[in-house]
Amino acid sequence: MNNERHILSAFDRDLETVQALVVKMGGMVESAIHDSAIALEARDGELADDIRRRDKAIDELELQINEEAARLIALRAPRATDLRTVLSVIKISAILERVGDYAKNIAKRSDVLAEMPEIEGAGMALRRMSATVEAMMKDALDSYIQRDVALAADVRKRDLEVDQMYNALFREFLTHMMEDPRNITACMHLHFIAKNIERMGDHATGIAEQVIYLATGELPDDPRPKGESVPRIGGA
Amino acid sequence: MNDMTLLERSVEQTEIKISAQDVQVWYGEKHAIKDVNVDLLDKTVTAFIGPSGCGKSTFLRCLNRMNDTIESCRVGGRIALDGEDIYDRRVDPVQLRARVGMVFQKPNPFPKSIYDNVAYGPRIHGLARNRAELDEIVEKSLRGAALWNEVKDRLGEPGTGLSGGQQQRLCIARAVATQPEVLLMDEPCSALDPIATSQVEELIDQLRAEFSVVIVTHSMQQAARVSQKTAFFHLGNLVEYGNTDDIFTNPRDPRTESYISGRIG
């Protein structure tokens with residue numbers, strides 16, 4: 001990472017501004033992940049509504065970041081690390097926007113779930129999974145701020161854990177549905193929530209990969225560790 | 001990612017046109033170029049970039065022995081054109097410069113007609129047997145420099161009466177007329193407006209089909225736009241030499257990074 005200042009200081013200010021927006025967006029997304037798990041477990045409809053409202057601000061921030069990035073490319077013709085910074089800013093903000101959408105979707109589903117009988121243990125298990133993903137997201141964003149390749153590589157590895165949690169939950173929900181068909185609606189929602197969280201983990205990994213690209217100029221080419229991509233059980 | 005690389009940008013040439021080994025240049029006591037080793041490819045545009053005084057123009061001028069004209073200048077090491085040492089005593093610098101042409105920063109047409117500016121080189125090198133052949137060379141060169149349509153009806157007028165951009169293209173036509181194998185360009189667009197600059201850049205891209213072009217430029221955007229290979233010079237050293245897209249997206253040396261991204265280096 002090049003810590004020297006540009007001769008043209010306005011260039012530094014522009015780069016700092018757009019990166020500060022990404023960090024701000026990251027913070028908002030982290031708390032959306034956090035709160036969506038709480039709203040689900042605590043059946044807190046107000047918190048769920050709040051998450052849905054906050055997602056608008058996240059979306060607006062993405063637009064603002066894209067505009068800033070386009071302006072930077074047009075006016076400053078960034079090169080080398082500067083260019084990779086701008087490119088990764090665009091990608092990371094797009095990823096964060098998606099993660100925000102997943103959190104919003106969880107909030108919507110938890111509103112529906114609040115009116116149904118509880119599936120025992122599901123809220124807690126999902127919250128644990130969500131906490132793992134939230135920590136991954138936090139570390140991915142920290143690795144971005146610090147340009148910390150080792151931390152980014154670590155985030156990539158941890159996605160395996162999330163995949164395994166998802167597969168375990170998949171089995172669990174399937175069991176509940178087979179035991180009592182009245183559980184099906186709730187379990188379908190819970191399964192989508194689990195899938196959303198699993199995707200958030202993938203996205204945290206995507207951010208970590210952008211950090212590696214930003215710092216080294218190359219995307220990691222080793223296949224990242226993955227769990228079973230599709231759980232193969234039950235059925236038939 | 002490589003599959004998606006634009007064909008035009010890729011360097012397919014592997015044939016070496018000019019090979020420089022351990023090149024040193026001194027101006028009196030000043031060691032201006034230090035241990036430069038580089039292979040310049042045929043039919044490729046190579047850009048030399050670097051801050052003022054880094055040695056890029058000095059090195060460019062070694063490639064056709066323009067430094068011979070400077071009293072205090074000494075050149076060491078070996079520079080070979082198609083494998084032949086150009087500093088060998090048997091090499092005639094005038095013949096060499098017909099093979100390795102040069103275009104300078106400021107357009108410098110001769111105080112002669114447009115026609116004679118272009119015909120001058122072919123005449124002294126005896127490239128045309130008669131007037132008809134000379135006419136043909138002049139037309140071909142002016143077409144090659146994308147100037148023919150603008151001047152074909154006034155070939156007898158003085159070259160100095162053209163606009164700056166036209167004058168520079170006239171100088172390129174003049175350089176092309178001797179059918180060089182390499183064209184050296186020292187800041188060819190620094191005195192031109194953006195439109196004329198684009199025209200010259202378009203021309204450089206076309207010239208690459210026929211020979212190897214080496215361009216010294218202060219504009220990094222120009223280097224990025226026209227070249228396939230870029231060499232970065234700093235304090236007399238060749239710091240980094242590679243494919244232009246690599247240099248501009250992911251340079252290996254921190255000094256290159258500092259320079260091309262506009263930081264103090």
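The questions below ask what supports each label given to this predicted two-chain model.

Q: Why is V112(A) called exposed?
A: V112(A) has 12 other C-beta atoms within 10 Å. The cut-off for exposed is 12 or fewer. The count meets that limit, so V112(A) is exposed.

Q: Where is V112(A) found, and how far apart are the C-alpha atoms of V112(A) and G45(A)?
A: V112(A) is found in helix α3 of chain A, residues 80–113. Its C-alpha atom and that of G45(A) are separated by 9.3 Å. Along the chain the two are 67 residues apart.

Q: What makes strand β7 of chain B mostly covered?
A: β7(B) spans residues 182–186, and five of its five residues are buried. Buried requires 20 or more other C-beta atoms within 10 Å. On one side sit V182(B), L184(B) and D186(B). On the other sit L183(B) and M185(B). Both faces are therefore covered, since residues on each side are buried. The split follows a general pattern: in a regular strand the side chains alternate between the two faces of the sheet.

Q: What covers the case of β6(B): which residues are buried on its faces?
A: V100(B) and M102(B) are buried on one side. G101(B) and V103(B) are buried on the other. Both faces of β6(B) are covered.

Q: How do you know that β6(B) and β7(B) pair?
A: Pairing needs at least two bridges. Four bridges join β6(B), residues 100–103, to β7(B). That passes the cut-off, so the two strands pair. They run parallel. In β7(B), L184(B) is the bridge partner of M102(B).

Q: What makes β7(B) and β8(B) a pair?
A: Five bridges link β7(B) to strand β8 of chain B, residues 212–216. At least two are needed, so this is a pair. The sense is parallel. L184(B) has V214(B) as its bridge partner in β8(B).

Q: Which elements make the right-handed β-α-β unit?
A: β7(B), helix α7 of chain B and β8(B) make the unit. Helix α7 covers residues 194–207.

Q: What is L184(B) in contact with, beyond four places in sequence?
A: L184(B) is in contact with L60(B), L63(B), N64(B), V100(B), G101(B), M102(B) and V214(B). A contact requires C-beta atoms within 7 Å, so each of these residues falls inside that limit.

Q: Which residues touch the most other members of the largest nonpolar core?
A: F48(B), A173(B), L184(B), V214(B) and I215(B) do, in a core of 69 residues. Helix α6 of chain B, residues 164–177, supplies the largest share, seven residues. A second, separate core has 59 residues, among them V29(A), A107(A), L113(A) and L141(A).

Q: Why do β4(B) and β5(B) count as paired?
A: β4(B), residues 73–81, and β5(B) share two bridges. The requirement is at least two, so they pair. The sense is antiparallel. The bridge partner of L81(B) in β5(B) is E84(B).

Q: What makes β2 and β5 of chain B edge strands?
A: Each pairs on one side only. They belong to an open sheet of four strands, ordered β2-β1-β4-β5, with antiparallel pairing. β2 covers residues 30–41 and β5 covers 84–85.

Q: Which residues of helix α3 of chain B are buried, and what covers them?
A: In α3(B), residues 114–124, the buried ones are I114(B), N117(B), V118(B), A119(B), G121(B) and P122(B). The cover includes α2, α4, α5 and α6 of chain B. Just after α3(B), G126(B) takes a positive phi of about 60 degrees.

Q: How many residues does each chain bring to the contact, and which helix of chain B gives the most?
A: The contact takes 14 residues from chain B and 14 from chain A. On chain B, α8, α9 and α10 each supply at least two. α10(B) gives the most, with four. By class, this side of chain B has six nonpolar, six polar and two charged residues.

Q: What does UniProt place on the two chains?
A: An unreviewed entry in UniProt places "domain: ABC transporter" at residues 18–260 of chain B. That span is 37% helix and 27% strand. For chain A, an unreviewed entry lists "domain: PhoU" at residues 23–109 and 126–211. Residues 23–109 are 94% helix and 0% strand. Residues 126–211 are 93% helix and 0% strand.

Notes: Residues numbered from 1 in each chain as written. Chains lettered and ligands numbered in written order. Predicted model: local features only at pLDDT ≥ 70, side-chain atom pairs only at ≥ 80, totals over all residues. Core = buried A, V, L, I, M, F, W, Y, C linked by C-beta atoms within 7 Å. UniProt positions renumbered as here; feature names shortened; annotations may be inferred. Nonpolar A, V, L, I, M, F, W, Y, C, P; charged D, E, K, R; others polar. Right-handed = clockwise from strand over helix to strand, strands pointing away.
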